[in-house]
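Biologist: I would like a close look at one part of this protein, and then at what lies around it. Please keep it brisk, and walk me through it step by step.

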Amino acid sequence: MKRATASAATPWQCRARVTDAVLAALSLQDNADLLPEVIKTEKVFEAFYRLREKYPEWLSCLYFQNRGDSYVSRGLEDVLFALGAFGLVTVENHDYRFLRLDRQTRDEIKKLLLGESRDDLVILKKMSNDFAEIMKK
């Protein structure tokens with residue numbers, strides 16, 4: 001089933017696309033060792049802020065506020081919270097500063113995402129590798 005683009009999407013469709021983009025970013029790297037198991041949440045927000053311009057068809061409905069030296073997005077926060085509620089990511093501490101995604105969970109997510117359309121999968125893999133590169137900096 002072809003999903004609506006972010007610009008023509010309902011709020012639910014938009015959230016589904018952002019959720020897929022986040023899951024892809026956390027699991028579809030060409031090299032599984034590119035992304036650490038524990039990730040700073042602040043860095044995740046920065047990465048998606050930067051990726052938003054490059055991948056508007058997936059992320060244009062995310063809005064960010066600049067909080068001095070960091071970016072905040074209520075939409076991205078909601079997606080991360082939902083993924084945590086489903087046990088796909090683990091919040092590492094009470095201040096919500098780190099996310100953990102173990103390799104087995106990444107592999108399961110990857111299997112699910114491989115069912116996306118070929119065109120979407122190419123974009124999601126590219127976004128995932130770009131995400132990993134941002135996270136390394």
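What is the relative accessible area of Asp102?

Modeller: Keep in mind that this is a predicted model. The relative accessible area of Asp102 is 32%. That value makes Asp102 partly exposed, because buried means under 20% and exposed means over 50%.

Now find Asp102 in the chain. Asp102 sits in the loop between strand E5 and helix H5, and H5 covers 103-113. Look also at Pro36. Along the chain, Asp102 and Pro36 are 66 residues apart. In space, 9.2 Å separates their C-alpha atoms.

Step back to the whole chain for a moment. The protein has six helices and five strands. Read from the N terminus, the elements follow the order α-β-α-α-β-β-α-β-β-α-α. The protein has 137 residues, and 40% of them are buried. Take the contacts between residues at least 6 apart in sequence. Of these, 70% join residues at least 24 apart.

Next, the sheet that holds E5. Strands of a sheet pair through backbone hydrogen bonds, either parallel or antiparallel. Here three strands make an open sheet, in the order E1-E5-E4. The pairing is antiparallel. Strand E1 (38-40) and strand E4 (90-91) are the edge strands, and each pairs on one side only. Strand E5 covers residues 98-100, and two bridges pair E5 with E4 in the antiparallel sense. Thr90 has Arg100 of E5 as its bridge partner. Helix H2 packs on this sheet and touches both E1 and E5. The direction of H2 makes about 65° with that of E1.

Leu26 is a good residue to visit next. Leu26 belongs to helix H1. Leu26 counts as buried because its relative accessibility is 4%, and the limit for buried is under 20%. Which residues does Leu26 touch, leaving out those up to four places away in sequence? They are Leu35, Ile39, Val89, Leu101, Arg106 and Phe131. Compare Val44, which is 18 residues from Leu26 in sequence. Their C-alpha atoms are 9.8 Å apart in space.

Phe131 leads us to the aromatic rings. A pair of aromatic rings is described by the distance of the centres and the angle of the planes. There are three aromatic pairs in the structure. One of them joins Phe48 and Phe131, with ring centres 5.4 Å apart. Their planes stand at 45°, so this pair is tilted. Phe48 is in helix H2 (residues 41-54), and Phe131 is in helix H6 (residues 118-136). They are 83 residues apart in sequence, so the pair ties together distant parts. Both Phe48 and Phe131 are buried.

Tyr49 and Phe64 make another of the pairs, and this one is edge-to-face. The distance is 5.5 Å centre to centre, with 80° between the planes. Tyr49 lies in H2, while Phe64 lies in the loop between helix H3 (56-59) and strand E2 (65-66). The two residues are 15 apart, and the pair links distant parts of the chain. Tyr49 is partly exposed, at 32% relative accessibility. Phe64 is buried, with a relative accessible area of 17%. Ring pairs also bring in Tyr71, which forms a cluster with Tyr49 and Phe64.

Two charged side chains sit over rings as well. The charged end of Arg17 lies over the ring of Trp58, 3.7 Å from the ring centre. The charged end of Arg52 lies over the ring of Tyr63, 5.7 Å from the ring centre.

Last comes the disulfide. A disulfide is a covalent bond between the sulfur atoms of two cysteines. How many disulfides does a search of the whole structure find? The search finds one. Cys14 is joined to Cys61, with 1.6 Å from S to S. Cys14 is in helix H1 (residues 11-27), and Cys61 is in the loop between H3 and E2. The cysteines are 47 residues apart, and the pair links distant parts of the chain. Cys14 counts as buried, at 8% relative accessibility. Cys61 counts as partly exposed, at 21%.

Note on methods: Residues are numbered from 1 along each chain as its sequence is written. Side-chain values use heavy atoms; hydrogens and water are left out. Rings of Phe, Tyr and Trp (its six-membered ring) pair if their centres lie within 6.5 Å; planes under 30 degrees apart count as stacked, over 60 as edge-to-face and the rest as tilted. Helices (H or I, at least four residues) and strands (E, at least two) are DSSP runs, numbered from the N terminus. Buried means under 20% relative accessible area, exposed over 50%, partly exposed in between (1.4 Å probe, protein chains only). A charge sits over a ring if NZ of Lys or CZ of Arg is within 6 Å of the ring centre and within 35 degrees of the ring normal. A disulfide is a pair of cysteine sulfur atoms within 2.5 Å. Two strands pair if DSSP finds at least two bridges between them. Contact means heavy atoms within 4.5 Å. Axes are lines fitted to C-alpha atoms, for helices over the stretch in contact, and angles run from 0 to 180 degrees between N-to-C directions.
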